[in-house]
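Trainee: Could you take me through one part of this protein slowly, the sheet and what packs on it? I am still learning to read such models.

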Amino acid sequence: MTLRFSRVTLESFETCITLLKKLQDHAEDIKKRNQTHSVSEQVEEKLQDYQSVLSTLEATKELVEPLVYCELEFVGVNFVEPKNSPANGFDTILFILHTLLCKIANLCERLIESLNSWKYFFQERNNFEKLLARHEQLRSFYAIIYLAIKMKDAVDVTQTLLVGESLHPDFSLNRWKQAVKTDAFFGRYFGFHYQSDIRKLLRMTLVAKETIQKTYEGSQKEPKFKTISLLGWGWFYSNLQMLEHLGLDVKNAKQLGIELSSPPSIEQIRAFWNLIEEPFLAGLTQFVSADVAVDKTFSIPPPCLHSFRRFDETVSASHFLRLPSSEVREPVHVRYISYHWRHISEDAIQQSEIVQNMEIDKSSLVSSGLTERLSQQVKNIGVSWDGWLRNKGNDPVKGLVVHIHGGGFIAQSSSSHAVYLKEWAVDLPNSCIVSIDYKLSPEYKYPVALEECTYVYTWLLKHHELLGTTAERIVVVGDSAGGNLALAMTLKLLIRGLRVPNGIVLAYPALYLFPAWSPSRLLSLFDPLLPASVLETCMKAYLPENVNACEDVFISPGMASDTYLKQLPSVFVVAGGLDPLLDDSVVFVHRLRQWREDTEIQIFPNLPHGFFNMGLVVPQAFEAIRLVSKWIAMQLQVEWCGNTS
């Protein structure tokens, strides 16, 4: 056995089977003692139900044995930290199965107790109904396990966990969605594999998701009508959830979260993922988030490529090719966050490209030069006084954190992620943070977002002093789709011969954008945050037609050659054990560790995708945020001022 949850899963099977046989024996005794027709019928029905659960348990145990007894060294088992977390998607499937078996065993124990004590007699029927519901979940999960076993046989699990649809046509989303019935994972017993705090949060997301679905199904397109509809449907589904939680059989509540036959539209996905930017929620998070001195947005002007060519003909062609491509044609918005107050001159930023790239005849500026110098001196005096009053806030800081947000390439912004960015700003007072608001798909398809991120990074290398930093040390952070862009950007910097960051943080990144499956991606068949149809919609929105995502390393940066992997800086990967994209992280780190032994990966067992945005309400997510800020401080070689309690 090499998978971490093999032993406990087998033990759980044995426990469940033993308890069910006890229940069967007791039912048989009752049947013998009571020969009346009505009692005999009731007992016979129970015996059939018990036998059905027992048969499913035995069949599932037999199915999973090739996985739990496999002696192969699965990718991730030897290096994923901590050791009590799932090492890969196979482990996650065993972890979920073990959790479900524990629920079944607990219900069996309660049923046995109700037979021996009058205290539990009135709970028997409720516990029996719960047992049948868990049985339905086990039957549904049987199909997931079956597909995972097929994956184990399809690829060399000691080297990879990804099964490409082009090489294995059997692994098709359309076929699997018809074969796997996941309705049992929603409704009253939704999220059994999550901790209680995360489960409550995800229930709220299901209500929000269904509310948006109903709102966008309506014919009214005016914003005011959509707002009224959102409030109305939100109230309705919230009450359904409350009634269903009380044990009432509410049909609509049972269907919350179940994926529809038609995939959601881009507009619906955006509305759902951008909820955190709605005025009420944005104001609430602003109120409870960490206090920083500077949190402002501004635009970085596009590059003046034509001006550079015209006024500096001595520049070699090879250097000219290193500049960002012509995809960057408009200003790029960024968010600047700093714990200490510092003056950011937007006028200077807007003029940066012109001054840098054009050889201007200074004699033509004599008439206006005096006015400009006086204006600048007045500004410098004001900045100096403010810096003195605010504890040397204008002294340039050493570290620079460049953040690239997630959102499936189609949604969210730096504002969606500002809560944890402010936490990092407080933890890293001798640094500043710049978060890039790249343009979203499908309006701006690949490679616009990547080129904009690369351009902003190179602009920061040239003009870092305008933001109050020496940029002596730089760390790039990307989460989800932003993790893809962060790694792809670093590869592009290597190819162009430009300075790469001193460290990279990849949080639950999407590193392989070609049609492929893995054990963890099977979770997308019933995941409330990243269902399979949404993943597919995001990839189609981001990628233009006629591109080979498997061969283009700027689309699927996890496919980068060993030549470039050797040149990458230190990399720290964090992911959730219940994230459909977990295997993306594990497979990439497995490859990278062959060349960079300092590569680290930390898996948080009970967290889903996008957990950085859950830090305010989920303690484990906040722990992850703090762990990342410590690693950033180490790479920037600055003091970490976070709370150790």
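Mentor: Happily! Let's start with the sheet: 8 strands form an open sheet with mixed pairing, in the order S2-S3-S5-S4-S6-S7-S9-S10. Strands here are DSSP runs of E with at least two residues, helices are runs of H or I with at least four, and both are numbered from the N terminus; two strands pair if DSSP finds at least two bridges between them. At the edges stand strand S2 (294–300) and strand S10 (600–604); each has a single partner strand, so one side of each is left without a neighbour in the sheet. From one strand to the next, the twist averages 20 degrees. Such angles run from 0 to 180 degrees between N-to-C directions, with axes fitted to C-alpha atoms, for helices over the stretch in contact.

This is a predicted model, where local features need pLDDT of at least 70 and side-chain atom pairs count only at pLDDT 80 or more, while totals for chains, interfaces and linings use all residues. Residues are numbered from 1 along each chain as its sequence is written, and side-chain values use heavy atoms, without hydrogens and water.

Now look at the edge at S10. Strand S9 (residues 570–576) runs parallel to S10, and 5 bridges join them. Gly 576 has Phe 604 in S10 as its bridge partner.

Next come the helices. Helix H17 (residues 481–496) packs on the sheet, touching strand S4 (397–404), strand S6 (469–479) and strand S7 (503–507); contact means heavy atoms within 4.5 Å. The direction of H17 makes about 130 degrees with that of S6. Helix H21 (residues 619–636) also packs on the sheet, and touches S4, strand S5 (431–437), S6, S7, S9 and S10. For H21, the angle with the direction of S6 is about 145 degrees.
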